[in-house]
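Me: Please take a close look at the part of this model that surrounds the ligand. I would like one connected account of it, including how it relates to the rest of the fold.

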Amino acid sequence: MAVVDSTLHVPRPSMLSAYLDWLQMLTGAGLVLFMWSHMILVSSVIIGPGVMNALAGFFEATYMAQVGGPLIGFAFLLHFVLAARKLPFRLDEQRTIWAHAKTLRHRDTWLWLVQAGSAMIILIMGSIHMWVVLTDLPISAAKSAARVADGWWLAFYLVLLPLVELHVGIGFYRIGVKWGFIKRSRRAKMKRVENILTLAFIGIGLLTLIRFLLLAY
Ligand code: HEM
């Protein structure tokens with residue numbers, strides 16, 4: 001709960017708020033690492049369906065998919081609940097943040113807005129995706145290919161893929177700036193690194209989708 005100092009108009013944030021910020025960063029960093037690993041694992045189908053099946057088999061034989069999947073789902077939800085403390089849900093709040101962004105005219109403020117907007121769509125689409133995949137184990141290249149080739153799922157992934165990669169890339173950059181790993185002098189360089197990473201993962205994701213389509217037809 002915020003501590004109110006009668007000499008201030010703005011309530012001073014409490015220690016709890018600092019701990020929750022820390023947890024938000026940790027769940028975010030964990031999810032960034034998960035998403036990068038997830039894209040590399042799924043893209044193993046480009047080398048061959050046998051490679052993807054062997055990796056999926058390993059994750060299931062060691063129960064990492066059965067236990068890790070729901071844990072990722074929980075981290076995903078917790079990260080949203082923590083971030084929602086700062087999201088402008090009410091119309092008056094949305095008008096204020098929009099006006100502030102236009103006044104500040106700073107790239108990092110716009111990035112925060114992209115982050116907040118993409119989060120809503122990722123929350124819904126990511127939950128649907130995890131439910132569909134995790135309630136249809138074992139994962140196999142043939143099943144994934146059949147799903148991707150089924151019209152609507154391709155459209156689904158073509159929306160989710162760029163949104164997730166944007167969110168993950170901006171999140172990675174913002175964690176660095178907010179927690180002081182990226183100093184002001186290195187911001188421009190790290191922004192370029194983030195852009196390259198984001199584009200590279202979108203590229204890998206698109207190639208993976210094409211590989212699934214070729215496999216299905
Ligand atoms: C433990 C949880 C997860 C598992 C087991 C999993 C597994 C998979 C599998 C097997 C595919 C291949 C396509 C298919 O079978 O439909 C896939 C694709 C995809 N997943 Fe996940 N996923 C998980 C979590 C997530 C999350 C949290 C997100 C983002 C919110 C995500 C985003 C995507 C995207 C964008 C694709 C398309 C990949 C591409 O373009 O190559 N996944 N996932």
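Reply:

**The ligand shell and its setting**

Helix 5 provides the largest share of the shell around the ligand, namely six residues. The model is a predicted one, and every value below is computed from it. In total, 24 residues surround the ligand, and the closest are His38, His129, Ser144, Arg147 and Tyr157. At least two shell residues come from each of helix 1, helix 3, helix 5, helix 6, helix 7 and helix 8. Sorted by class, the shell comprises 16 nonpolar, seven polar and one charged residues.

Three side chains have polar atoms placed against the ligand. For Ser144, a polar side-chain atom is 2.6 Å from a ligand oxygen atom. For Arg147, an N or O atom of the side chain lies 2.7 Å from an oxygen atom of the ligand. For His129, the partner is a nitrogen atom of the ligand, at 2.8 Å from a polar side-chain atom.

The nonpolar packing comes next. The largest nonpolar core has 32 residues, and those with the most contacts inside it are Ile122, Phe156, Tyr157, Leu160, Val164, Val168 and Phe212. Helix 1 (15-42), helix 3 (64-84), helix 5 (107-134), helix 6 (141-149), helix 7 (152-178) and helix 8 (187-216) each contribute at least two residues to this core. Its main contributor is helix 7, which gives eight residues. Tyr157 thus appears both among the residues closest to the ligand and among those with the most contacts inside the core. Leaving aside residues up to four places away in sequence, Leu160 touches Ile122, Met125, Gly126 and His129; His129 is also one of the residues closest to the ligand. Another core, of five residues, lies apart from the largest one and includes Leu111, Ile170, Ile182 and Met190. As a general matter, nonpolar side chains tend to be buried together in soluble globular proteins.

Some backbone details in the loops complete the account. Between helix 5 and helix 6, the loop contains Pro138, which is joined to Leu137 by a cis peptide bond with omega of about 0 degrees. Tyr63, in the loop between helix 2 (49-61) and helix 3, is not a glycine yet has a positive phi, near 60 degrees. This tyrosine is exposed because its relative accessible area is 54%, above the cut-off of 50%. Arg105, in the loop between helix 4 (91-104) and helix 5, likewise has a positive phi, near 45 degrees. At 70% relative accessibility, Arg105 also counts as exposed.

Key. Residues numbered from 1 in each chain as written. Predicted model: local features only at pLDDT ≥ 70, side-chain atom pairs only at ≥ 80, totals over all residues. Heavy atoms only, no water. Core = buried A, V, L, I, M, F, W, Y, C linked by side-chain atoms within 4.5 Å. Buried < 20%, exposed > 50% of the residue type's maximum accessible area, 1.4 Å probe, protein only. Helix = DSSP H or I, 4+ residues; strand = E, 2+ residues; numbered from the N terminus. Contact = heavy atoms within 4.5 Å. Near = heavy atom within 4 Å. Polar contact = N/O pair within 3.5 Å; in protein donor to acceptor, adjacent residues only side chain to side chain. Nonpolar A, V, L, I, M, F, W, Y, C, P; charged D, E, K, R; others polar.
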